[in-house]
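Visitor: I am new to this structure and would be grateful for a guided account of it. May we look at it together?

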Amino acid sequence: MKRRETKQDITQSFNVAIEGIIETIRTERNMKFHAFCTILVLMISVFIGVSRMELIVLSISMSLVLSAELLNTAIESFVDLVSPDYNLLAKRAKDVGAGAVFIAATNALIVGYLVFHKRIAGQFENFFDLLKESYANVLIFIIVFIVVLVIGIKSFFKKGTPLRGGIPSGHSALGGALFMGIFFLTNDVRVFYLSLFLLILVLQSRVEGKIHTVLETLIGAALGMGVTYLFLSLLKI
């Protein structure tokens with residue numbers, strides 16, 4: 001029992017942290033922009049084949065920008081709470097927080113320029129060709145897209161948490177995506193039925209565990225299969 005409570009506490013900590021990030025993205029225009037740029041840069045980095053060290057440097061730079069924006073938002077919220085009227089010290093606190101974001105963003109721009117300036121001109125035009133060359137890259141792209149989409153839909157409906165409950169079921173969406181990926185990958189009917197059976201087991205486990213309703217799991221599976229089918233059909237894989 002003690003072990004289970006510890007696991008729940010850890011899950012709750014993750015949920016609270018993710019909800020804080022989602023709330024910041026939902027309410028702060030600058031955070032929306034930073035999050036969009038982060039996802040875009042990571043995708044481009046994977047598909048143009050940056051080195052491991054370059055990817056590490058890019059990840060650290062983008063994490064610093066997002067962390068600085070989160071801290072700046074926290075500072076602004078706290079200052080507005082304790083000092084709703086104009087105050088010189090309150091202005092100073094907000095300006096310093098904004099300065100931290102500016103420094104982190106400037107550093108990220110410099111790092112991005114140094115990493116991409118020789119590659120981007122010749123390779124970005126062939127982005128979809130590079131994507132189609134590797135089935136694994138396509139599936140990774142789709143899975144990342146589905147995870148972001150599911151979290152965004154959950155935040156819109158404000159039901160459940162990013163990692164548990166709510167509409168749609170994230171596990172079902174990923175299960176549906178993998179099922180559709182296998183469907184495109186093989187012509188063996190036995191593999192098709194085995195993957196379908198695994199998808200059904202995923203849906204059944206979410207319902208039986210009372211984490212999702214039948215409708216939520218079906219919507220999740222349909223979302224995963226639909227998005228995957230759309231991408232794979234457009235790329236003609």
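**Overall architecture**

From the N terminus on, the elements run α-α-α-α-α-α-α-α-α-α.

Visitor: How many helices and how many strands does the protein have?
Guide: The model before us is predicted. Every element in its order is written α. The count is accordingly ten helices and zero strands.

Visitor: What share of the residues of the protein counts as buried?
Guide: A residue is taken as buried when its relative accessible area is under 20%. Of the 237 residues of the protein, the share that meets this is 31%.

Visitor: How are helix 3 and helix 4 oriented to each other?
Guide: Helix 3 covers residues 52–82 and helix 4 residues 88–116, and their axes come within 9 Å. The axes cross at roughly 165 degrees, and angles over 145 count as roughly antiparallel. The two helices are therefore roughly antiparallel.

Visitor: Which hand does the crossing of helix 3 and helix 4 have, and how do the residues of the contact divide?
Guide: The crossing of helix 3 and helix 4 is left-handed. The residues of their contact divide into 18 nonpolar, five polar and five charged.

Visitor: Is Ile75 buried, partly exposed or exposed?
Guide: Ile75 belongs to helix 3. The C-alpha atom of Ile75 is separated by 9.7 Å from that of Ala98, 23 residues apart along the chain. With a relative accessible area of 34%, which falls between the limits of 20% and 50%, Ile75 is partly exposed.

Visitor: What span does helix 8 reach, and which of its residues are buried?
Guide: Helix 8, residues 170–185, has 16 residues and reaches 22 Å from its first C-alpha to its last, close to the 22 Å expected. Its buried residues are Gly170, Ser172, Ala173, Gly175, Gly176, Ala177, Phe179, Met180 and Gly181.

Visitor: How much helix is there over residues 191–207?
Guide: An unreviewed UniProt entry lists residues 191–207 among its "transmembrane region" spans, which also include residues 33–50. Over residues 33–50 the chain is 89% helix and 0% strand, with end C-alpha atoms 23 Å apart. For residues 191–207 the end C-alpha atoms lie 25 Å apart, strand is 0% and helix is 100%.

Visitor: Where is Lys210, and is this residue buried or exposed?
Guide: Lys210 has its place in the loop between helix 9 (189–208) and helix 10 (214–235). Its phi is near 55 degrees, a positive value in a residue other than glycine. Because its relative accessible area is 77%, over the limit of 50%, Lys210 counts as exposed.

Methods: Residues numbered from 1 in each chain as written. Predicted model: local features only at pLDDT ≥ 70, side-chain atom pairs only at ≥ 80, totals over all residues. Heavy atoms only, no water. Expected span 1.5 Å × (residues − 1). Buried < 20%, exposed > 50% of the residue type's maximum accessible area, 1.4 Å probe, protein only. Axes fitted to C-alpha atoms, helices over the stretch in contact; angles between N-to-C directions. Parallel < 35°, antiparallel > 145°, perpendicular 65-115°, else oblique. Left-handed = near helix turned anticlockwise from the far one by under 90°. Nonpolar A, V, L, I, M, F, W, Y, C, P; charged D, E, K, R; others polar. UniProt positions renumbered as here; feature names shortened; annotations may be inferred.
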